[in-house]
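Please look over the sequence and the model that follow, and keep both in view while you read. The report moves from strand pairings to turns, then to a helix and a pocket.

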Amino acid sequence: MIIRRWRPEDAAALARAINDEAVQANLRDGLPFPYTVSDAEAFIGAALSDGSMYSFAVTENDVCIGCISVTRGENIHRLTGELGYYIARERWGRGYATGAVREICRYIFENTDMQRIFAEPFADNAASCRVLEKAGFTLEGTLRSNAIKSARIRDTRMYSLLRD
């Protein structure tokens, strides 16, 4: 597993990875479903041109199996980045997410001035919470009734990793 810069030819594999209700169930709203190759092409183009987002393909044997990004905050949060990621369902439970989180955090702290990376998984997404814990993130607390997904109000958890 390795993270690398996006390539236009990743679009079909990216669409396959995210075009899954189980994957999208724990992501933020706004992603189309079904997710098409055209949607993936648009995302890759935006990711390659957005200077505030550090987005990479998560790959296995150089084939895209997911996405990981850190988006820089603004104004007083400009030294903070929000982490987001997903892995194709058939690759769940194999350590890809934990490895990708470790890699991107190392990259961010070595190549930017960001001081803090945070993630806000749904509190009932035990697998994602465990990924963050294994990658060295600290649980800062539970944000009660903090989000709505699929017409259900849900708690989220706040995790962070600080530059050493």
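In strand E4 (80-87), the bridge partner of Cys67 is Tyr86, and this pair belongs to the antiparallel pairing of E3 and E4, which extends over seven bridges. Two strands are said to pair here if DSSP finds at least two bridges between them, while the names themselves come from DSSP runs, numbered from the N terminus, with helices (H or I) of at least four residues and strands (E) of at least two. The model is a predicted one, in which local features need pLDDT of at least 70 and side-chain atom pairs count only at pLDDT 80 or more, whereas totals for chains, interfaces and linings use all residues. Residues are numbered from 1 along each chain as its sequence is written, and side-chain values use heavy atoms, with hydrogens and water left out.

## The sheet

Strand E3 also pairs with strand E2 (residues 53-60), for the two run antiparallel and are joined by eight bridges, with Met53 standing opposite Thr71 in E3. Seven of the 10 residues of E3 are buried, so that the strand is mostly covered; buried means under 20% relative accessible area, exposed means over 50%, and partly exposed lies in between, with a 1.4 Å probe and protein chains only.

How do the seven strands follow one another in the open sheet? Their order is E1-E2-E3-E4-E5-E7-E6, and the pairing is mixed. Strand E1 (2-4) and E6 stand at the edges with a single partner strand each, and therefore one side of each has no neighbour in the sheet. From one strand to the next, the twist averages 30°, an angle that runs from 0 to 180 degrees between N-to-C directions, taken from axes that are lines fitted to C-alpha atoms, for helices over the stretch in contact.

Towards the E6 edge, strand E7 (residues 152-162) pairs with E6 in the antiparallel sense over eight bridges, and it pairs with strand E5 (residues 116-119), again antiparallel, over four bridges. Tyr159 of E7 stands opposite Leu139 and is also the bridge partner of Ala119, while Ser160 in E7 is the bridge partner of Thr138.

## Turns and backbone angles

Most residues other than glycine have a negative phi, and most peptide bonds are trans. Two residues that are not glycine and nevertheless have a positive phi are set out below.

| Residue | Phi | Loop | Relative accessible area |
|---|---|---|---|
| Asn61 | about 50° | between E2 and E3 | 73%, exposed |
| Ala151 | about 65° | between E6 and E7 | 75%, exposed |

Asn61 sits in the turn of the hairpin that E2 and E3 form with two residues between them. E6 and E7 likewise form a hairpin with two residues between them, and Ser150 in that turn has a positive phi of about 55°. A cis peptide bond, with omega about 5°, joins Phe33 and Pro34, and Pro34 is found in the loop between H2 and H3.

Is Phe137, in the loop between H5 and E6, buried or exposed? With a relative accessible area of 5%, Phe137 is buried. Phe137 and Arg102 are 35 residues apart in sequence, and their C-alpha atoms are 9.8 Å apart in space.

## Helix H4

The 16 residues of helix H4 (residues 96-111), at 1.5 Å a residue, should span 22 Å, and this agrees with its end C-alpha atoms, which are 22 Å apart; the expected span is 1.5 Å times one less than the number of residues. Among the buried residues of H4 are Tyr96, Val101, Glu103, Ile104 and Phe109.

## The largest pocket

The largest pocket has a volume of about 1300 Å³. A pocket is found on a 1 Å grid over the protein atoms alone, as an open set of points where a 1.4 Å probe fits, with protein on both sides within 12 Å along at least five of seven lines, and its lining residues have an atom within 4 Å of a point. Grid points are joined across faces, edges and corners, and the volume is the space filled by probe spheres set on the points.

The pocket is lined by 46 residues, of which Asn26, Leu27, Gly84, Tyr85 and Tyr86 lie nearest its centre. Elements that give two or more residues to this lining include helix H2 (21-24), helix H3 (37-49), H4 and helix H5 (126-134), while the largest share, six residues, comes from E4. The lining divides into 25 nonpolar, 12 polar and nine charged residues, where Ala, Val, Leu, Ile, Met, Phe, Trp, Tyr, Cys and Pro count as nonpolar, Asp, Glu, Lys and Arg as charged, and the others, Gly among them, as polar.
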